[in-house]
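Me: I have a structure to go through. Can we start with how its parts meet?

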Amino acid sequence: MDRRKFMAGCISLPLLAQAGGAQAQAGLSKIIFPFAAGAGGDTLCRLMAQEMAPVLQRTMVVENRTGGDGLIGIKAVKGGSPDGSMVLVTTGPTMYLLPMVETTPSFDTAKDFMPVSLLARFEFALVINPAIDATDFKSFVAWLKAHPDKASFGVPSNGTIPHFMGSKLEKDLGMPLTRVPYRGSAPILNDIIGGHISFGIVTLADALPQHRAKGVKIIAASSAERSPFAPDVPTLKESGIDLVADAWYGMWLPAGSPPEFASKLGAAASAALAKPEVKEKLTAIGLIPVGSTPEGLTKELAANIALWQPIVKATGYKITN
């Protein structure tokens, strides 16, 4: 059963990033990314490797450990040596949703991993066919209530933030909605354009090209404030839905790793994310660079658990493993 795919955009960067010239190498660190190469999170990892290697004086290699929709890579780092040789970069939702939906959780984020830094945020969008007679979220809800037989929506996969956003909308609107799981955003957008489903919940970055081309219409963003990528689009909160549902990428080490290395790693990550050229490359693919302390990452994770746990529990959704 599909669980989650949080991807947006793609640019090409070298697989190996290392310190140049006469700088000595203190060792090798593998950045384990549990999803496929060629998308936004993968690009983020390669940029971080490229920028951090000279600072840490380590060879840094990005390794895509795919499978289990995130679990293979996460479990590899969980079982890895706590010596700085393995670093996990993944989405926040994989770290807090998977333990909620697995019948037997494969990992405990707090016990099995050492937080390093929040890296970058991305947002979700509620997207409709522009042929629907609705100018904003409220008028679209009125349209849905007038056409209950057409209240179907697409999500990139079951068990993802868009899945549970749909559950929250269904409860808040007081009307049944039919969730249709897909494999990624592209087929959802195609079916919205084709009129096969009424709306979809996808990453904002995935929806923007079609929105700008008038193929689809973004009527609400999931962020706390209006997105810098679509400042004309109201948020769900502005539209009367009490929900903020952005997502993010974070960096972790295996539990028991040297605190000094974790501190150096976090400082190098934050410094890289503050560079104008790095910010430019990330915003070009719909990522908002942030950076944080380990405590900031832990606080972000706790806030997301508190937000989503009751929503997920109310759905009864579980993955048998």
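Me: How many residue pairs are in polar contact between domain 1 and domain 2?
Reply: Zero, counting pairs with both residues at pLDDT 80 or more. A polar contact is a pair of N or O atoms within 3.5 Å; within protein, one must be able to donate a hydrogen and the other to accept it, and residues adjacent in sequence count only if both atoms are side-chain atoms. This is a predicted model, where local features need pLDDT of at least 70, side-chain atom pairs count only at pLDDT 80 or more, and totals for chains, interfaces and linings use all residues. Residues are numbered from 1 along each chain as its sequence is written, and side-chain values use heavy atoms, without hydrogens and water.

Me: And what area is buried between domain 1 and domain 2?
Reply: About 1100 Å², with carbon and sulfur atoms giving 84% of it. Buried area is the accessible area (1.4 Å probe) that two parts lose on being put together, summed over both.

Me: Where are the bounds?
Reply: Domain 1 is 28-122 + 247-315 and domain 2 is 123-239; the bounds come from an automatic or database domain assignment.

Me: How many residues does each put into the contact?
Reply: Domain 1 gives 15 residues and domain 2 gives 13. Contact means heavy atoms within 4.5 Å.

Me: New topic. What does F140 touch?
Reply: Leaving out residues up to four places away in sequence, F140 touches L126, I128, I132, A134, S198, F199 and I219.
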